[in-house]
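Q: I'm new to this one. Can you walk me through it?
A: Sure, let's bring it up.

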Amino acid sequence: MTTPLTVSPGWLREHLGDADLVVVDATTHLTADADGTPRPVSGLETYRPEHIPGALFADLLGDFADPGSPLPATAPDHERFAAAASGLGIGDGATVVVYGQHEGFWATRLWWHLRFEGFDDVAVLDGGLPAWKAAGYEVTDEIAVPTPRTFTGVRRPELIRSTEDVAAALDDENTILVNVLDEATYRGDVDSYGRPGHIPGSINLPVARLRDPETGALRPVEELRAEFEAAGLLDEDREVVTYCGGGIAATGVAHALALAGRGDVAVYDGSMTAWAGDPDLPLVTGDSPR
């Protein structure tokens, strides 16, 4: 069976009994500190009482993150990731479906991360847990026990960018840098990362525009493809790098671009949190990329 990039609740319900299917809840909640600083919190406590039958929980802030990084959810080394994936039964012979408990993009973060580490048999549940429940399918509080597998994926370094990589490509006409945050944050009207604005040269494609605001499901691929084409993002002679606040929402656009035929999109893992945190790196405000 060829694993699609996204699956419907009906598809998942039909395949729930498949022996090699691994369903993963990758939820992380965003809260705010007293000063308004966004802070991610594991979704484990909300997973326990209600999840898709058989679903396991992936802690993207713990097992699947670099414990030595000052930033949350930073991609760890390959060995740490492979060990965490193996422990959940993600590995050779498995088909993985990832979902979230809300409309956030932590599911696409794990989708991207698995592909980055060389594992392709992974899909995202379109609309997440809300779509599953809206379809009338059952949820449970029973915690499944994973069957470990061997994870032999080989890392694809071309799917990630560091701050140094992005800085080096600022004047590269063959690289399109895509800011997926909302328009106000892109322009610098809102300052969420210590310094307002966007990385010079980056265009704005808000990730929220990819989804139906009522259902949380992705808009039709034909519509998305037309929008991507107009922005030049389907030009395979140019590299595409997405970024956001911390490398999470950026994976939502990378996933949608893969659906439209661009499976080679890279993600700037540190994104605005890392970039704005260095006062020596430039930011620009306003509607213009530069």
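**Charge, shape and sheet**

Q: How many positive and negative side chains does the chain have?
A: There are 20 positive side chains and 47 negative ones. The centres of the two sets lie 1 Å apart. Keep in mind that this is a predicted model.

Q: OK, what secondary structure does the chain have?
A: It comes to 10 helices and 12 strands.

Q: What does the chain span along its principal axes?
A: The C-alpha trace spans about 50 × 40 × 35 Å.

Q: And what about the radius of gyration?
A: The chain has 18 Å. A compact globule of 290 residues would be near 19 Å, so the two agree.

Q: How much of the chain is buried?
A: Buried residues make up 49% of the 290.

Q: What does the chain expose?
A: About 12,600 Å², with carbon and sulfur atoms supplying 50% of that area.

Q: Switching to contacts. What share comes from residues 24 or more positions apart?
A: They account for 76% of the contacts with a separation of 6 or more.

Q: Now the open sheet. What's the strand order?
A: β1-β7-β6-β2-β5, 5 strands with parallel pairing.

Q: Why do β1 and β5 each have one side without a neighbour in the sheet?
A: β1 (6-7) and β5 (56-57) stand at the edges. Each has a single partner strand, so one side is left without a neighbour.

Q: And how do β2 and β6 pair?
A: Strand β2, residues 21-25, pairs with strand β6, residues 95-99, in the parallel sense over 5 bridges.

Q: Which residue in β6 does Val22 stand opposite?
A: Val22 faces Val96 there.

How values were computed. Residues numbered from 1 in each chain as written. Predicted model: local features only at pLDDT ≥ 70, side-chain atom pairs only at ≥ 80, totals over all residues. Heavy atoms only, no water. Helix = DSSP H or I, 4+ residues; strand = E, 2+ residues; numbered from the N terminus. Rg over C-alpha atoms; globule rule 2.2 N^0.38 Å. Buried < 20%, exposed > 50% of the residue type's maximum accessible area, 1.4 Å probe, protein only. Contact = heavy atoms within 4.5 Å. Areas by Shrake-Rupley, 256 points an atom, 1.4 Å probe, with all protein chains shown as cover. Lys, Arg positive; Asp, Glu negative; His and termini not counted. Charge placed at Lys NZ, Arg CZ, Asp CG, Glu CD. Pairing = 2+ DSSP bridges.
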